[in-house]
Amino acid sequence: MYSGHVYNKVTNEPIVGLRVSDGLNIAVTDADGAFSLPGWERAHVIAVQCLTNAHDDWYALTDGHAGEYNFYITPAEAPTDHRFFHISDSEIENVEEAGIWLPFVKKQITEHPAAFLMHTGDICRIEGLESHYIAMNYDVLGIPVRYCLGNHDYVDDRYGDYSFERYYGPTWYSFDLGNTHYIVLPM
């Protein structure tokens with residue numbers, strides 16, 4: 001069984017009515033921000049279904065171990081008519097390689113404000129997973145960044161998603177933003 005609470009990191013208040021999932025089951029937080037999931041033997045990650053500013057506050061690695069998982073998140077804000085940026089196949093192997101195209105991405109975000117950036121895979125091998133984590137995040141770009149697993153991102157012998165989960169959370173997830181529900185599945 002997986003249980004815990006979800007709190008707003010800024011106000012320390014519980015977040016009510018937020019969905020939390022183990023990849024199979026979904027629970028909704030109650031008036032105290034509490035949730036309880038029955039458990040699933042293949043669960044690797046528990047995740048809140050909310051776009052947050054931070055890279056890593058919206059999920060917890062469980063690797064199948066039942067227990068209490070508390071989240072302190074800063075939900076992203078967006079108007080109902082928001083937009084987002086999409087990129088893919090950046091395939092960098094070190095942070096310096098991002099310097100070739102990342103200034104262009106930053107310029108576009110400045111000139112065309114968006115609610116978040118979605119990278120849909122081919123981050124590329126373990127070096128790419130590590131480099132993107134450093135080069136493309138809220139602190140660098142000023143908007144939330146989320147990732148989707150691509151075929152070049154299955155890089156671990158334990159199971160293909162293992163390394164991706166350690167950097168970016170679940171390989172399939174969803175979140176609400178404004179009046180839109182986004183569903184992210186591996187590419």
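## The enclosed cavity

Strand β11 makes the biggest contribution to the lining of the largest cavity, giving three residues. Keep in mind as you look around that this is a predicted model. How many cavities of 30 Å³ or more turn up in a search of the whole structure? Just one, and the space inside the largest cavity comes to about 40 Å³.

So much for volume; here is what surrounds it. His55, Trp58, Val145, Arg146, Tyr147, Tyr167, Tyr168 and Tyr173 form the lining of the largest cavity. Two elements, β11 (145-147) and α5 (162-168), each bring at least two residues to that lining. Sorted by class, the lining of the largest cavity has six nonpolar residues, one polar and one charged.

## The largest pocket

Now for the pockets. The largest pocket holds about 220 Å³ of space. Its lining has 19 residues, and those closest to the centre of the pocket are Ser21, Gln49, Trp172, Tyr173 and Ser174. You may remember Tyr173 from above, as it also lines the largest cavity.

Which strands each supply at least two residues of the lining of the largest pocket? Look for β2 (19-21), β5 (45-48), β12 (173-177) and β13 (180-184). As for the kinds of residue, the lining of the largest pocket has twelve nonpolar, five polar and two charged ones.

## The second largest pocket

The second largest pocket has about 180 Å³ of space. Its lining is made up of Asp22, Gly23, Trp40, Arg42, Ala43, His44, Val45, Asp161, Glu165, Pro170, Thr171 and Trp172. Trp172 is a name you've already met, being among the residues closest to the centre of the largest pocket.

What is the mix of classes here? In the lining of the second largest pocket, five residues are nonpolar, three are polar and four are charged.

## The two sides of helix α2

Let's finish with a helix. Along α2 (residues 102-111), the buried residues include Leu102, Val105, Gln108 and Ile109. Why do these four sit on the same side of α2? Because they cover an arc of only 120 degrees around the axis. The spacing fits a general pattern: an α-helix has 3.6 residues a turn, so residues three or four places apart point the same way.

And the other face? Turned away from the buried side of α2, it carries Phe104 and Thr110, which are exposed. To see both sides for yourself, find Leu102, Val105, Gln108 and Ile109 on the buried side, then look to the opposite face for Phe104 and Thr110.

Note on methods:
Residues are numbered from 1 along each chain as its sequence is written. This is a predicted model: local features need pLDDT of at least 70, side-chain atom pairs count only at pLDDT 80 or more; totals for chains, interfaces and linings use all residues. Side-chain values use heavy atoms; hydrogens and water are left out. On a 1 Å grid over the protein atoms alone, a cavity is a set of points where a 1.4 Å probe fits but cannot get out, and a pocket is an open set with protein on both sides within 12 Å along at least five of seven lines; lining residues have an atom within 4 Å of a point. Grid points are joined across faces, edges and corners, and a volume is the space filled by probe spheres set on the points. Ala, Val, Leu, Ile, Met, Phe, Trp, Tyr, Cys and Pro count as nonpolar, Asp, Glu, Lys and Arg as charged, and the others, Gly among them, as polar. Buried means under 20% relative accessible area, exposed over 50%, partly exposed in between (1.4 Å probe, protein chains only). The arc is that of the directions from the helix axis to the C-beta atoms.
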